[in-house]
Amino acid sequence: MNILGLNAYHGDASAALFTGDRLACAMEEERFSRLKHQAGFPSLSVAHALDYAGLAGADVDHVAISRDPSAHLHRKLMFALSQGPRLSAVRDRLSNVSRLRDVKTTLAESLGLPESAIRAQVHRVEHHRAHMASSFFVSPFERAALLSIDGFGDFVSTMWGRGCGNKIEIDGWVEFPHSMGILYTAITQYLGFPKYGDEFKVMGLAPYGEPEFLDRLRKFVRVKPNGSFELDLSYFVHHSEGVNMTWDSGAPTIGDVFSPKLEREFGPRRRSHEPLQPHHHNLAASLQALLEEVVLGLLRTVAEKTGLKDLCLAGGCALNCTMNGKILAETPFERVYIQPAAYDAGTSLGAALYVKHQILGEKREFVMDHTYWGLDYSREACRAALDAKSLSYRELDDAALADAAANLVADGNILGWYQGRFEWGPRALGNRSIVCDPRTASMKDHLNSRIKHRESFRPFAPSVLEERASDWFEMGGSSPFMLMTCQVKRDQQSRVPAITHVDGTARQQTVSRSTNPKYWNLIHAFEKQTGVPVVLNTSFNENEPVVNTPEEGVACFLRNDMDVLALGPFLVEKHRSTRTD
Ligand SMILES: [Fe+2]
């Protein structure tokens, strides 16, 4: 049985393909289109996934799309009536519905096939059920509490419930227009970060400030006794004036969601080119504190009502690593699982899993313990990409490559590390990574200004050998997907300044020898030379989606200030530093 999951006509379009019990591929459209957060239909991801699995369009038995226009229809109609008829809203809704009806047609067209060639049954899976399924059904838990929390999807922002075996049950939800994701987006826009997906920048900014505006921000949200919440809608316009959003194709955009009352509360908004002031840091810190207060409070209620000790989290807010890092300490939950593509991209995986288990009743046999579900490229393809640019290189076996690359990193060189299948989700976790020495404090500024060309306050994250993690970080268990922030141990912070954020935290990735032996070998070799089992890891890109093909890896390497590149088995040295201290 072949099941194709799709996230379409939403941000972070993606496709996930199951062939029998095996997940063949899970990939985001942006990696192929080269547009961050690519919306529209994931035509390229679908074509590549089928090709990778050796399937044709006719071989797909079920297509699952993570939108259901009929979900919460009664509430949608009631809301529309309460607002009065607005032509643009009605038109947008109808075009959205018709696009979803045409999934089979669009799929056939994107594969260059007649519609009759697609024999799959199409399923529409409500957005938050898809989010929950994406986490629970690939978690190691037989039973768990579930929470999905984001901006909006299918008229809901937050949904909670329980997973047991191959079934999910829903216990409650928060409907449009109330949304912690929208609150986070509003303040993100106010702080001068207008792009879709910029919320993580505010999370990175928050540790520079103090939550001095927390009391004033609490006016924005009323928490109910059951842990649910309502926004004070006078600070927002997404429910009244509508918000300009584009999901048809290209990168998604979202217009302002906050009202003039927000500026009356906190002063004029910051424009992107204006410098960040201490009160911006403090507002970011206050927003982060409020998100944690509301969501951790909801989680405590869910824990109490379900009596469950394991939690699966999903939705865009589940990428908030700072909040995630506090769950074990501040709620009764004892284990947390978050699938690497917790945001909307992950709903293609979730929709496919929902059909597989909830609808078709198949047993669960798969736990997602790594994130390498993209395409890989052959040794010959890597060599051809280097030859096309007339680069000199050495070909090395795995052990020699790890030793040589680690030696170069220890000498202060910045390494492009390109190996195997690309990652699923927003993080590069050792297959499309830029790696450098965490012991050098100036590395952060150098990377931000010379390699990544991004804001100077943005932190960098570490990869640590799983076996050594507890010696360096205050954390329990593994963190393979870089989704939990924790404290760097106080006595180790000065040894790894480039990955220690201003508040002493880090968003660490624990690297397992079994799931990524090449990356583990690289860090192990670095430890042998330096005594430090930690490297700085950032995604292999420069203000673009993470590189996919060897050609993109080589192009990124050549156009910025990286020093060395390990492209498959080939090691290239553009320039080489030798540490003199
Ligand atoms: Fe979502």
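**Salt bridges, a cavity and a greasy-side patch**

This predicted model holds 33 salt bridges. Let's go through a few of them, then turn to the cavity and the surface.

Q: Which residue forms a salt bridge with E544?
A: Side chains of opposite charge can pair when their charged atoms come close. For E544, the closest N and O atoms of the pair are 3.4 Å apart, which fits the cut-off of 4 Å. The partner is R34.

Q: How many residues apart are E544 and R34 along the chain?
A: E544 sits in the loop between β23 (534-539) and α20 (550-559). R34 is in the loop between α1 (30-33) and α2 (43-53). So the pair links distant parts of the chain, and the separation is 510 residues.

Q: Is E544 buried or exposed?
A: Buried means under 20% relative accessible area. E544 comes in at 16% relative accessibility, so E544 counts as buried. R34 has 23%, so R34 counts as partly exposed. For E544, then, the word is buried.

Q: Is R458 buried or exposed?
A: R458 meets E455 in a salt bridge of 2.8 Å, N to O. E455 has a relative accessible area of 25%, so E455 is partly exposed. R458 has 10% relative accessibility, under the 20% cut-off. That makes R458 buried.

Q: Which residues do shared salt-bridge partners join into one network?
A: Here, salt bridges with partners in common build up a network. Its members are R34, E542, E544, E552 and R559.

Q: How far apart are the closest N and O atoms of D171 and R162?
A: These two residues form a salt bridge. D171 is partly exposed at 38%, and R162 is partly exposed at 32%. Their closest N and O atoms are apart by 2.6 Å.

Q: Which helix gives the largest share of the lining of the largest cavity?
A: The count comes to one cavity of 30 Å³ or more, and the space in the largest cavity is about 40 Å³. Its lining includes F18, D21 and F137. Three lining residues come from one helix, the largest share: helix α14 (residues 346-359).

Q: How many residues of that lining are charged?
A: The lining divides into three kinds of residue. Four are nonpolar and one is polar. The charged ones number five.

Q: Which residues make the nonpolar surface patch of about 250 Å²?
A: One member, I359, has its place in helix α14. I359 has a relative accessible area of 44%, so I359 is partly exposed, and that is over the 30% a patch residue needs. The patch is made by M1, I359 and L360.

Conventions: Residues are numbered from 1 along each chain as its sequence is written. This is a predicted model: local features need pLDDT of at least 70, side-chain atom pairs count only at pLDDT 80 or more; totals for chains, interfaces and linings use all residues. Side-chain values use heavy atoms; hydrogens and water are left out. On a 1 Å grid over the protein atoms alone, a cavity is a set of points where a 1.4 Å probe fits but cannot get out, and a pocket is an open set with protein on both sides within 12 Å along at least five of seven lines; lining residues have an atom within 4 Å of a point. Grid points are joined across faces, edges and corners, and a volume is the space filled by probe spheres set on the points. Helices (H or I, at least four residues) and strands (E, at least two) are DSSP runs, numbered from the N terminus. Ala, Val, Leu, Ile, Met, Phe, Trp, Tyr, Cys and Pro count as nonpolar, Asp, Glu, Lys and Arg as charged, and the others, Gly among them, as polar. Patches are made of residues with over 30% relative accessible area and no salt bridge: like charges are joined within 9 Å, nonpolar side chains (Val, Leu, Ile, Met, Phe, Trp, Tyr) within 5 Å. Accessible areas come from the Shrake-Rupley method with a 1.4 Å probe; for residues, only the protein chains shown count as cover. A salt bridge is a side-chain nitrogen of Lys or Arg within 4 Å of a carboxyl oxygen of Asp or Glu. Buried means under 20% relative accessible area, exposed over 50%, partly exposed in between (1.4 Å probe, protein chains only).
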